[in-house]
Amino acid sequence: MPLFTLNRATLRQGNEVVLQSVSLAIQADERVAILGPSGVGKTTLLNHLYQQAPQQVALCPQAQGLVEPLSVYHNIYMGELNRHSSLYNLINLLLPLPKPRRAIGELAASLGLDGKLMTPVAQLSGGQRQRTALGRALHQAKPTLVADEPVSALDPIQAKSVLQRALEQHQGAVVALHDVALARACFDRVLGLSGGRLLFDKPAETLSEADLAQLYR
Ligand SMILES: Nc1ncnc2c1ncn2[C@@H]1O[C@H](COP(=O)(O)OP(=O)(O)OP(=O)(O)O)[C@@H](O)[C@H]1O
């Protein structure tokens, strides 16, 4: 059974129809990229997918929702808040315990955030903030990642390695991207959104220049 299913669905933001007649099925082990021009509805679709299986999905939203005065460590730790008692969380947020500190330190290092673990998010660059938000999602240790432009502020080399790091940890993923090369390199399947519709849904290896011209015209 697919993890996510839409059957001629209409997706709205308030009263505005954003996407119409969207039909698709995504299996739990698929890596799916969503491409399309700004404002077309990628976030709207991702949020709809997340709502279908919130228990299985680690969501990395475009509006990162990081807590500015708190450190990288504390923001990533928030990914495991619901696995512990309030008391444990409080103690650990005040005085990081060795076990989570080690685990989060390793995760942060794998995302290239070495040396920033105890830096407040307010003092990070855009790319470091994105990696912190992705770290918080990875720290949830869920089977599926749903991420909204998670590496758009990184340079191309770093974007690819951080995205691959995130994909390796998950059984499946659905990720909105603006970088077509990343979609081709890291994903099995690509959904193209254009003009309020799902324009194409095809294997990444078959994505053609004609598809892209139609998508971004
Ligand atoms: N909270 C909201 N209230 C009303 N309309 C919204 C809201 N969020 C988004 N929209 C509208 O819904 C449409 C789709 O937005 P969405 O954020 O899904 O696009 P997107 O493809 O993710 O864009 P981008 O690539 O710029 O992030 C846009 O026209 C946008 O103006």
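# Reading contacts, cores and strands

Q: Leaving aside neighbours within four places in sequence, which residues is Leu145 in contact with?
A: In this predicted model, Leu145 is in contact with Ala58, Leu134, Ala137, Ala166, His170, Gly172, Ala173 and Val174, once neighbours within four places in sequence are set aside.

Q: Which residues touch the most other members of the largest nonpolar core?
A: In soluble globular proteins, nonpolar side chains tend to be buried together. Here the largest nonpolar core has 44 residues, and Leu145 is one of those that touch the most other members; the others are Leu35, Leu163, Leu177 and Phe187. Helix H6, residues 156-168, gives the most to this core, with five residues. Another core lies apart from it, with 23 residues that include Leu3, Ile26, Leu46 and Val146.

Q: Where is His170, which was listed among the contacts of Leu145, placed in the chain?
A: His170 is found in the loop between H6 and S6. Its relative accessible area is 4%, so His170 counts as buried. Not counting residues up to four places away in sequence, His170 touches Arg31, Ala58, Leu138, Lys142, Pro143, Thr144 and Leu145.

Q: In what order do the six strands of the open sheet stand?
A: Strands of a sheet pair through backbone hydrogen bonds, either parallel or antiparallel. In this model the order is S4-S5-S6-S3-S7-S8, and the pairing is mixed. Strands S4 (57-60) and S8 (197-203) stand at the edges; each has a single partner strand, so one side of each is left without a neighbour in the sheet. On average, neighbouring strands are turned by 15 degrees against each other, direction ignored.

Q: Which strands does S3 join by bridges, and how do they run?
A: Strand S6, residues 172-176, is joined to S3 by four bridges, and the two run parallel. S7 is joined to S3 by four bridges as well, again in a parallel arrangement. As registers to check in the viewer, Ala33 stands opposite Val175 in S6, and Leu35 stands opposite Gly192 in S7. Strand S3 covers residues 31-35 and is mostly covered, with four of its five residues buried.

Q: How many bridges join S7 to S8, and do they run parallel or antiparallel?
A: Six bridges join strand S7, residues 189-194, to S8, and the two run antiparallel. Val190 stands opposite Lys202 in S8.

Q: Which strands does helix H5 lie across?
A: Helix H5, residues 126-138, lies across S4 and strand S5 (144-148), and runs at about 170 degrees to S4. A residue to inspect in helix H5 is Thr132. Thr132 has 0% relative accessibility and therefore counts as buried. Its contacts, not counting residues up to four places away in sequence, are Leu66, Val72, Asn75, Ile76, Leu113, Val121 and Leu124.

Q: Is Ala183 buried or exposed, and what does it touch?
A: Ala183 belongs to helix H7, residues 180-186. Burial is assigned under 20% relative accessible area; Ala183 has 0%, so it is buried. Ala183 touches Ala33, Leu35, Leu177, Val190 and Ala204, not counting residues up to four places away in sequence. For a separation in space against sequence, take Ala183 and Leu207: they are 24 residues apart in sequence and 9.5 Å apart, C-alpha to C-alpha.

Q: What does Arg12 touch?
A: Arg12 lies in strand S1, residues 4-13. Not counting residues up to four places away in sequence, Arg12 touches Val17, Val18 and Thr44. The C-alpha atoms of Arg12 and His48 are separated by 9.8 Å, with their positions 36 residues apart along the chain.

Q: How many disulfides does the structure hold?
A: A disulfide is a covalent bond between the sulfur atoms of two cysteines. This structure holds zero disulfides. For Cys60, the nearest cysteine sulfur is that of Cys186, 15 Å away. A disulfide would need the sulfur atoms within 2.5 Å. Cys60 is buried, with a relative accessible area of 2%. Cys186 is in no disulfide either, and it is buried with a relative accessible area of 6%.

Q: Which residues does the "domain: ABC transporter" annotation cover?
A: According to the unreviewed UniProt entry, that annotation covers residues 1-217. Over residues 1-217 the chain is 36% helix and 24% strand. The end C-alpha atoms of this stretch are 35 Å apart.

Terms used: Residues are numbered from 1 along each chain as its sequence is written. This is a predicted model: local features need pLDDT of at least 70, side-chain atom pairs count only at pLDDT 80 or more; totals for chains, interfaces and linings use all residues. Side-chain values use heavy atoms; hydrogens and water are left out. UniProt positions are given in the numbering used here, feature names are shortened, and annotations may be inferred rather than shown by experiment. A nonpolar core is a set of buried Ala, Val, Leu, Ile, Met, Phe, Trp, Tyr and Cys residues joined through side-chain atoms within 4.5 Å. Buried means under 20% relative accessible area, exposed over 50%, partly exposed in between (1.4 Å probe, protein chains only). Contact means heavy atoms within 4.5 Å. Two strands pair if DSSP finds at least two bridges between them. Axes are lines fitted to C-alpha atoms, for helices over the stretch in contact, and angles run from 0 to 180 degrees between N-to-C directions.
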